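This briefing sets out computed features of one protein structure for a computational chemist. The sequence and coordinates are shown first.

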Amino acid sequence: MAAAFAAVGTMTAAYATLVERNNFALRRFTVPVLPPGSPDIRVLQLSDLHVRAQQRWKVAWVRRLARFNPDLVISTGDHIGGDEHAFENSLRAHEPFLGLPGAFIWGNNDHFAPVPKSPIHYFTGGGPHRRGARIDLRSLREQLASGGWLDLNNSVGTLDVAGVRIGFGGTDDPHTRRDRYAEIAGRVAADADVRIGLTHSPEPRVLDWFSDDGYDVVLAGHTHGGQVRIPIYGAPTTNCGIDRSRVRWLSSWTSPAGNDTTLHVSAGLGTSPYAPIRFCCRPEATLLTLTARR
């Protein structure tokens, strides 16, 4: 019996490490947030690529998403999974979308290189939080911005997409306390047809601020959808302050003041190099179709 359990455990670990974490998927949702009569807007959300220098298969898969002809591309952080040596691969992944309307924010793994640690740390949250070497993001920022994308790290901006004026507000990474919402509070364009908030880690305090400021939808990542999910039970952890029921996909968020927003948390496309597993939680990008409200 012990040998059987050991065999099952070995096969499960091999599947989670070698198969599922490379079995990328495109998730689709419809979000009715546009003014009546507006045309549909296809939003491709990329999150948590954690791309490393050798991950050509992941880069090629992301590049092929251009065939879906998104109207808008949003990157919600953790573009790289190592250090500055991964910049080239990250830029190759984003290259087909530069020139389209787009926006980006940083995640915690954009600011700091990962450090060796037990994979159990990710799923339990136990032990002190360790940070690797600080990463210089200037070249990556310049390349993304030169493609016409908005840098929304603690900033606001607007884009006209398919005749719809979109107001954006974004924060730098809340997981490492780089969010400065006071710098964008109340500043989203008053004439925007729809308001979209971006934040890497869906921390409740940030979601409350976006809700109270009247954002129609907030896009986030960071959680990896739980990364390892237990059948029926779901994700054991979210790796942030949000509850397990909202660890991935669409949900509604209500602030203590009673203001609502639609929340989408991407399960993301990657993993830390020190927890390279996915189970019952395929890596994914998301195609959100924004439609007119009824």
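The points below are grouped by topic, beginning with the overall fold.

The structure is a predicted model. The protein contains seven helices and twelve strands. Of its 294 residues, 54% are buried.

**Overall composition**

- Among contacts in the protein with a separation of 6 or more, 74% are between residues 24 or more positions apart.
- One long-range pair is T17 and P276, which are separated by 259 residues in sequence but lie 6.0 Å apart in space, C-alpha to C-alpha.

**T17 and its surroundings**

- T17 belongs to helix α1, which spans residues 2–19.
- The relative accessible area of T17 is 23%, and T17 is therefore partly exposed, given that the partly exposed class runs from 20% to 50%.
- When neighbours within four places in sequence are set aside, the contacts of T17 are N22, P276 and I277.
- N22 also appears among the residues that line the largest cavity.

**Packing of helices α2 and α3**

- Two packed helices are described by the angle between their axes and the distance between the axes.
- For helix α2 (residues 56–64) and helix α3 (residues 87–94), the angle is about 25° and the axes are 7 Å apart.
- Angles under 35 degrees count as roughly parallel, and α2 and α3 are therefore roughly parallel to each other.
- On the α2 side, the contact is made by R56, V59, V62 and R63; on the α3 side, it is made by N89, R92 and A93.
- By class, the residues of this contact between α2 and α3 comprise three nonpolar, one polar and three charged.

**Burial of helix α3**

- Helix α3 is mostly covered, with six of its eight residues buried.
- Those buried residues are F87, N89, S90, L91, A93 and H94.
- N89 and A93 are thus buried and also take part in the contact with α2.
- The elements covering the buried residues of α3 include strand β2 (41–46), helix α2, strand β3 (72–75) and helix α6 (138–146).

**Largest cavity**

- The count of cavities of 30 Å³ or more comes to one.
- The largest cavity has a volume of about 50 Å³.
- Its lining consists of R21, N22, F24, R52, Q55, K58, L269, G270 and T271.
- By class, this lining has two nonpolar, four polar and three charged residues.
- K58, one of the lining residues, falls within the range of helix α2, residues 56–64.

**Positive phi angles in the loop between β9 and β10**

- Most residues other than glycine have a negative phi, and most peptide bonds are trans.
- H224 is not a glycine, yet its phi is positive, near 60°.
- H224 is located in the loop that connects β9 (217–220) and β10 (249–254).
- With a relative accessible area of 3%, H224 is buried, as the cut-off for that class is under 20%.
- I232 is likewise not a glycine and has a positive phi of about 75°.
- I232 lies in the loop between β9 and β10, where H224 is also found.
- The relative accessibility of I232 is 94%, so I232 counts as exposed, the cut-off being over 50%.
- Within this loop, then, one residue with positive phi, H224, is buried, whereas another, I232, is exposed.

Notes
Residues are numbered from 1 along each chain as its sequence is written. This is a predicted model: local features need pLDDT of at least 70, side-chain atom pairs count only at pLDDT 80 or more; totals for chains, interfaces and linings use all residues. Side-chain values use heavy atoms; hydrogens and water are left out. Axes are lines fitted to C-alpha atoms, for helices over the stretch in contact, and angles run from 0 to 180 degrees between N-to-C directions. Helices (H or I, at least four residues) and strands (E, at least two) are DSSP runs, numbered from the N terminus. Angles under 35 degrees count as roughly parallel, over 145 as roughly antiparallel, 65 to 115 as roughly perpendicular and the rest as oblique. Contact means heavy atoms within 4.5 Å. Ala, Val, Leu, Ile, Met, Phe, Trp, Tyr, Cys and Pro count as nonpolar, Asp, Glu, Lys and Arg as charged, and the others, Gly among them, as polar. On a 1 Å grid over the protein atoms alone, a cavity is a set of points where a 1.4 Å probe fits but cannot get out, and a pocket is an open set with protein on both sides within 12 Å along at least five of seven lines; lining residues have an atom within 4 Å of a point. Grid points are joined across faces, edges and corners, and a volume is the space filled by probe spheres set on the points. Buried means under 20% relative accessible area, exposed over 50%, partly exposed in between (1.4 Å probe, protein chains only).
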